[in-house]
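Hello,

Here is the structure I promised to pass on to you. Have a look at it first, and then read on for my notes.

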Amino acid sequence: MKYNPHEYQSYATDFILSHPISAVFLEMGLGKSVITLSAIFDLCLDSFLVCKVLVIAPLRVARDTWPAEINKWDHLKGLSYSVAVGTEKERIDALKKQSTLYIINRENVDWLVHKSGIPFHFDMVVIDELSSFKSYGAKRFKSLLKVRPSVKRIVGLTGTPSSNGLMDLWAEFRILDLGQRLGRYISHYRNTYFKPDKRNAQIIFSYKPLPGAEEEIYKQISDITISMKSTDYLKMPEYVSNEVFVTLSEKEWKVYSDFKEDMVANLGDEEIDAVNAAVLSGKLLQMANGAVYDSENKAHVIHDKKLDALEDLIEGANGKPVLVAYWYKHDLERIKERFPVRQIQSSKDIEAWNDGKIPIAVIHPVSAGHGLNLQSGGSTLIWFGLTWSLELYQQTNARLYRQGQKDTVIVHHIITKNTIDEDVLLALTKKEKTQDALIDAVKANLEVMR
């Protein structure tokens with residue numbers, strides 16, 4: 001296929017070419033893969049500034065999306081690649097092939113650096129989904145940081161740079177610029193830009209930005225960062241967000257409220273810490289969805305209110321395909337008992353969905369997170385149960401709400417009234433405002449650059 005880049009795509013490619021260190025924050029659907037591949041082609045086969053490129057991506061994206069993009073575009077012919085996923089032997093064989101571009105899944109970064117026996121002779125690294133390196137304690141972060149000084153060029157790609165707040169940015173930029181802009185140590189970053197928020201005596205659970213800190217952080221990273229929103233550059237479909245509230249009966253509500261009170265009461269006079277809060281919120285989310293696991297991992301059904309609402313929504317779709325996002329295994333089991341559904345798991349499932357052959361599909365946000373194009377199969381998404389992760393929430397919505405979608409995208413959220421469901425939806429909204437502030441602060445202004 002002939003590549004006729006949009007102006008923003010040419011701008012982004014030129015930015016990568018002119019910045020040995022670049023953070024490219026592109027929302028879903030803007031074509032970050034072909035933008036980056038166009039720059040790689042130029043660097044490797046035109047200007048000869050780069051010899052060997054490593055692309056690190058989520059497994060499915062590494063295996064399917066990047067190879068598909070290379071094979072799709074005429075202007076990338078001649079760019080050789082090798083996909084290093086699968087068994088250890090398959091990965092080693094792939095890494096030993098003579099290629100320009102090597103693609104590996106992020107789970108194997110530590111293996112590549114410390115166990116593969118393959119010298120890390122890559123002069124350019126592309127991190128697809130930079131946000132997956134936001135944890136500075138993770139093995140993948142530490143391993144990549146160890147070999148980072150030998151890399152001449154690095155590109156960080158993501159649409160969700162700070163899904164859980166500005167604290168995420170430190171590790172991401174530590175990998176990119178080795179600490180030049182936000183500091184070499186997380187403690188210095190925290191002390192400079194944040195103050196303790198939630199705490200229990202000497203234990204600090206969270207931090208919030210100091211006055212003016214957000215603007216200063218954006219200023220520090222702006223010289224190597226561009227950010228673009230799909231709504232600014234693409235003709236996007238109409239998007240409708242809808243909340244469908246269900247109400248528990250008096251008996252069902254007593255089960256929910258008693259559990260919540262008992263869980264808190266069992267903590268005594270101690271403040272709820274992060275671990276206990278996570279356990280409590282997880283149990284309450286399960287109960288809001290209709291069932292809860294006991295200590296032996298057996299699910300106990302509490303109510304079917306969300307299943308009833310889901311049935312109404314499916315019926316209201318009048319035969320149009322619907323995609324249902326679930327979170328817990330017992331959600332899936334109960335949905336399967338009630339409706340004839342098919343899980344989106346394999347390439348065949350994706351193809352069948354896009355061909356309009358699946359009336360009701362179910363998907364888990366973790367598997368829907370990156371790289372899936374599902375916009376051809378339908379335009380209705382139903383959240384049976386929500387996730388605290390803004391990144392997974394946005395990425396799942398973007399499977400349908402993206403360029404190429406011909407219909408209005410309707411995203412339904414089934415919310416159990418007066419439960420933790422409402423808190424999660426509010427938290428997602430608050431996090432999104434933080435992320436939007438970051439994106440807006442470093443947004444590429446094409447009018448100025450012309």
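Which residues in H6 meet which residues in H7? Before I answer, please keep in mind that this is a predicted model.

On the H6 side the residues are Phe141, Leu144 and Leu145, and on the H7 side they are Trp170, Ala171, Arg174 and Ile175. Sorted by class, this contact has six nonpolar residues, no polar ones and one charged one. H6 covers residues 139–147 and H7 covers residues 169–177; their axes are 9 Å apart and the packing angle is about 30 degrees. Angles under 35 degrees count as roughly parallel, and H6 and H7 are therefore roughly parallel to each other. The crossing of H6 past H7 is left-handed.

While you are looking at H6, find Lys142, which also sits in this helix. Lys142 is exposed, at a relative accessible area of 51%. If residues up to four places away in sequence are not counted, Lys142 touches Tyr136 and Gly137. Its C-alpha atom is 8.1 Å from that of Asp110, and the two residues are 32 residues apart along the chain.

Following the chain on from H7, you come to Arg181, in the loop between H7 and helix H8 (186–193). Is Arg181 buried or exposed? Arg181 is buried, with 16% relative accessible area. Apart from neighbours within four places in sequence, its contacts are Gln220, Ile221, Asp223 and Ile224.

Two other helix pairs are worth pulling up.

The pair H1 (residues 7–18) and H2 (residues 32–46) has axes that come within 9 Å and cross at roughly 45 degrees. That angle makes H1 oblique to H2, and their crossing is right-handed. H1 contributes Tyr8, Gln9, Ala12, Thr13, Ile16 and Leu17 to the contact, while H2 contributes Val34, Ile35, Thr36, Ser38, Ala39, Asp42 and Leu43. By class, the residues of this contact divide into eight nonpolar, four polar and one charged.

The pair H13 (residues 305–316) and H14 (residues 329–338) packs at an angle of about 50 degrees, with the axes 11 Å apart. H13 is thus oblique to H14, and here too I can give you the hand of the crossing: H13 and H14 cross in a right-handed way. Leu307, Asp308, Leu310 and Glu311 of H13 meet Arg334, Ile335 and Arg338 of H14. This contact has three nonpolar residues, no polar ones and four charged ones.

Next, a loop residue. Leu248 is in the loop between strand E12 (239–246) and helix H11 (250–265). Leu248 counts as buried, at 11% relative accessibility. What does Leu248 contact, leaving aside its neighbours within four places in sequence? The list is Trp253, Tyr256, His303, Lys305, Thr416 and Thr419. One of these, Lys305, is 57 residues from Leu248 in sequence, yet the two C-alpha atoms are 7.2 Å apart in space.

Helix H17 (residues 390–397) is mostly covered, with eight of its eight residues buried. They are Leu390, Glu391, Leu392, Tyr393, Gln394, Gln395, Thr396 and Asn397.

Finally, the cysteines. How many disulfides does the count come to? The count comes to zero. A disulfide needs a pair of cysteine sulfur atoms within 2.5 Å. For Cys44, the closest cysteine sulfur is that of Cys51, and at 7.5 Å it is too far for a bond. Cys51 is likewise in no disulfide, its nearest cysteine sulfur being that of Cys44. As for their surroundings, Cys44 is buried, with a relative accessible area of 6%, whereas Cys51 is exposed, with a relative accessible area of 59%.

Happy viewing, and best wishes!

Conventions: Residues are numbered from 1 along each chain as its sequence is written. This is a predicted model: local features need pLDDT of at least 70, side-chain atom pairs count only at pLDDT 80 or more; totals for chains, interfaces and linings use all residues. Side-chain values use heavy atoms; hydrogens and water are left out. Buried means under 20% relative accessible area, exposed over 50%, partly exposed in between (1.4 Å probe, protein chains only). Axes are lines fitted to C-alpha atoms, for helices over the stretch in contact, and angles run from 0 to 180 degrees between N-to-C directions. Helices (H or I, at least four residues) and strands (E, at least two) are DSSP runs, numbered from the N terminus. Angles under 35 degrees count as roughly parallel, over 145 as roughly antiparallel, 65 to 115 as roughly perpendicular and the rest as oblique. A crossing is left-handed if the near helix is turned anticlockwise from the far one by less than a right angle, and right-handed if clockwise. Contact means heavy atoms within 4.5 Å. Ala, Val, Leu, Ile, Met, Phe, Trp, Tyr, Cys and Pro count as nonpolar, Asp, Glu, Lys and Arg as charged, and the others, Gly among them, as polar.
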